[in-house]
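Please open the model in your viewer and keep the selection tool at hand. The tour below moves from the whole chain to single residues, one selection at a time.

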Amino acid sequence: MKYSDLMMGWLRELGYTHCFFVAGGNSMHLLDGARQTMTCVPVVHEVAAGIAAEYFNEQARATGSDERAFALVTAGPGLTNLLTAMAGAYLESRELLVIGGQVKSTDLAGSTLRQRGIQEIDGVAMSAPVAVVSERIERPIGRRAFTDMVQRGYTGRPGPVFLEVCLDAQGAPVDAGTLDDGVAAPDVAPGADTDRSAEVVEALRAAQRPVLLLGGGVSRAAAAAALPRLREVSLPVMTTWNGADRLGADDVVYAGRPNTWGQRSANILIQQADLVLALGTRLGLQQTGFNWQQFAPLATVVQVDIDEAELTKGHPRVDIPWLGDADAALAAVLEAELPSWGEWLSECQEVRALLPVIEDGNTTADGYLDPYRFVSDVSAACTPSDVVIPCSSGGAFTVTLQAFDQKLGQTVISDHGLASMGYGLSGAIGASLAAPGRRTVLFEGDGGFMQNSQELATVAVNNLPIKLFLFSNEGYASIRMTQRGYFGGAYLGCDIRTGLGFPDWQLLFRAYGIPVADLDERGLDAPEARELFDAPGPACFVVPIDPEQTYFPKITSRVTATGSMESNPLHLMSPDLPEDVARRVLGRLTVEQKELTR
C-alpha cells in the first residue's frame, strides 16, 4: 500500500473522521488516501479549512464526541494561506492538525537556494512559531513516531501540529506491518497538586467574597459536574469568553463575563472580590485589563494552568500559582468542606440587577437597530440546542459577547486571541458539520464577512443550517471608532465612503441560492424573519447598524497626574456611572484605591 493510505488509516484509529481541504498537486496522494478513509469536505480557500477544523474539534469536544477533523493543504500557497488559522488556534490553545504536501525530497532547495521544486517553500520553518509540532516527513516513518506528533496537538496544552509530507514519501510503497511499531502513549496532563489544593481550600474557606472564573481550559463536562456543588455553596461563577458556555446566563450562581470589553457588573464584582480562583484561563491582558496592576486589587488571586510560563509571566499578580489540570483542580477544591456564600451571591445578583448589560449611553440613529438589544432579542429566540458563533473581531463580536444570554446546552465558540476578521463563517461551517441537526447561529460584521465570503459556496453545497446575522454598518466599526477617537474623524479605508467596497447583499446571497432578509426596526420579530430563522437550511439576515453607532461600556484611557496616558482598571468603564449608583456598587474600594484609579 502507499504510505499516504497507511497514514490516513492511523489517523482514523486516532479518531479523525473529517478532512477539510483544498486540492493540490503536491498533496495528491494524501488526498487520495483521505478519500478512502475520511469524510472529505472541500472548501474554497485554505484558511477556511484550518478554521473549520478548529471549530469542528471544539464543537465535537463540547458534545462528548470522539470525532476529530484535520486540514489538508498543498505546498507553498496552500500552507501560507493557512497560517492565519494556525496562529489563531495556537493563541487559543486549541487542537488543529494540518497535513501539508511538499515537493519530492530530492527537489528540496536546501539551505542555499530559495526554491528548487514547484511551489516549494519551507512550511516547517514558517509554521514553527505557531505550532507545538512542526516537522517534515521526507521518507516513511513508523506509526509510533507519527502518532506521537499528532497526539501532542491535543494533550498537555493543545495547539496546532503541522506535518509536511514530501510527495515521494506520500506515494512510497510500504509494508504496513514493518512500520507498525505501536501507538505512542499520549502525554498525561498534570493532575491537581494535593498540597496546593489544601492551600487553596484554606484560602477559599477564609474568603468572604470569592469568585470562580472559568476559562476555556475547563471542560464543559467538568463544569456541568461541578454546578450542583457550586449552587449548594452559593459560589459566584464568572466565565471568560472562551468559557462562555460553561453555564447558563440564568443560573443562580452566574455572575457574568468580566473583560476589557466585558459586562460592567462582572468587572465591578471581580474587582471587589477578596479571592479570585481562575481556572483554565491564562489571565491575558484582555481578561485583566491593560492596567493589570489593578486587577482584583482586594483579592487573593489563585491561577490554575497547565503551562508554567503562564503562571510566571509576571502579570497579573498571582498569589497562589497552581500548575495543574483545571478540571482536576476544580474537582479537588469542591470535594472539600466549604462554607456557604449566600449573602455575597445575593449582593452579586443585586449589582447585576442595578447594572443591566444593555445601557442607555449608546447612540443609534433612526432607521437602524440597536445592536445590543438586537443580540439580546436573538439570544431569547435561540434554543438550548443551538450552536452560537460570535465572529472574532469588531463591534459584532464584542456586542455579542456582552449582550448574548447563553442557555445551558448551547455551544458558544469564538477565537479572539488573534482578533482576525473573517473567522465567523468558516468557524460556523466546521461547528455545523460537527453538530448535525442543530441550528448554528452566526453573528458577523460586514467587513469581516467579506474576507471569507467565498465560503458561502461551502454552506450552500452542504445545505448547512447556518443562520447568519450580518451587521451591515458599511465598513470596519472598530477601525472607524479608532479613527474618530484618536484622529478627529480622519476616516480612511474604513467604510464605503472612504474607499471600501461592498456588494449588494441580496444579489450576493441569491447567487449562492441562500435566502436573505433585510431586517427593519422589528428585527427578528417580523413574522417573515422569524419564519426564516426557524426554517431548515441556511439563511442570512442583514441587520442595519448605524455607521456612527457607539459601543459602550468599554475600558478607555485617561491622563494621569504626570501627564501620561494610562488605561483604566476593569471597574472604571466608560461612560462613568451616575454618582449615586457608583457609591452603591463600588463601596468596598478604599478611598486610597479610588484616588489611585480616579
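What follows is a walk through a predicted model, beginning with the chain as a whole and ending at individual peptide bonds and backbone angles.

**The whole chain**

Begin by selecting the whole chain and colouring it by secondary structure, which brings out 25 helices and 19 strands. If you turn the C-alpha trace along its principal axes, you will find that it spans about 75 × 60 × 50 Å. For 598 residues, a compact globule would have a radius of gyration near 25 Å, and the chain agrees with this because its own value is 25 Å. Residues 24 or more positions apart account for 75% of the contacts in the chain with a separation of 6 or more.

Next, switch to a surface view, where the chain exposes about 23,000 Å², with carbon and sulfur atoms supplying 52% of that area. Beneath this surface, 58% of the 598 residues count as buried. If you then colour the charged side chains, you will have 46 positive and 72 negative ones to look at, and the centres of the two sets lie 1 Å apart.

**Strand 1 and its neighbours**

Now select residues 16-21, which form strand 1, and ask how many of its residues are buried. The strand is mostly covered, with six of its six residues buried. Keep strand 1 selected and add residues 68-73, which make up strand 3; the two strands pair in the parallel sense over five bridges. To see one place where they meet, pick tyrosine 16, whose bridge partner in strand 3 is arginine 68. Then add residues 39-42, or strand 2, which also pairs with strand 1 in the parallel sense, here over four bridges. In this pairing, phenylalanine 20 has valine 41 of strand 2 as its bridge partner. While you look along a strand, bear in mind that in a regular strand the side chains alternate between the two faces of the sheet.

**The open sheet of six strands**

Move on to an open sheet of six strands, which pair in parallel and follow the order 13-12-14-15-17-16. Which strands lie at its edges? Selecting 411-412 and 516-518 shows them, since these are strand 13 and strand 16, each of which pairs on one side only. From strand 16, step across to strand 17, residues 539-544, with which strand 16 pairs in the parallel sense over three bridges. Among the residues to pick here is valine 516, whose bridge partner in strand 17 is cysteine 540.

**Loops with unusual backbone geometry**

Staying with strand 17, follow the loop that runs from it to strand 18 (557-559), where you will find proline 553. The peptide bond joining phenylalanine 552 and proline 553 is cis, with omega about 10 degrees. A second cis bond can be found by selecting histidine 315 and proline 316, where omega is near -5 degrees; proline 316 has its place in the loop between helix 13 (308-311) and strand 11 (320-323).

Finish at the two ends of strand 15. In the loop between helix 20 (456-462) and strand 15 (466-472) lies asparagine 463, whose phi is near 50 degrees, a positive value in a residue other than glycine. In the loop that leads from strand 15 to helix 21 (477-487), select glutamate 474, which is not a glycine either but has a positive phi of about 65 degrees. Is glutamate 474 buried, exposed or partly exposed? Its relative accessible area is 26%, so it counts as partly exposed.

Note on methods: Residues numbered from 1 in each chain as written. Predicted model: local features only at pLDDT ≥ 70, side-chain atom pairs only at ≥ 80, totals over all residues. Heavy atoms only, no water. Rg over C-alpha atoms; globule rule 2.2 N^0.38 Å. Buried < 20%, exposed > 50% of the residue type's maximum accessible area, 1.4 Å probe, protein only. Contact = heavy atoms within 4.5 Å. Areas by Shrake-Rupley, 256 points an atom, 1.4 Å probe, with all protein chains shown as cover. Lys, Arg positive; Asp, Glu negative; His and termini not counted. Charge placed at Lys NZ, Arg CZ, Asp CG, Glu CD. Pairing = 2+ DSSP bridges.
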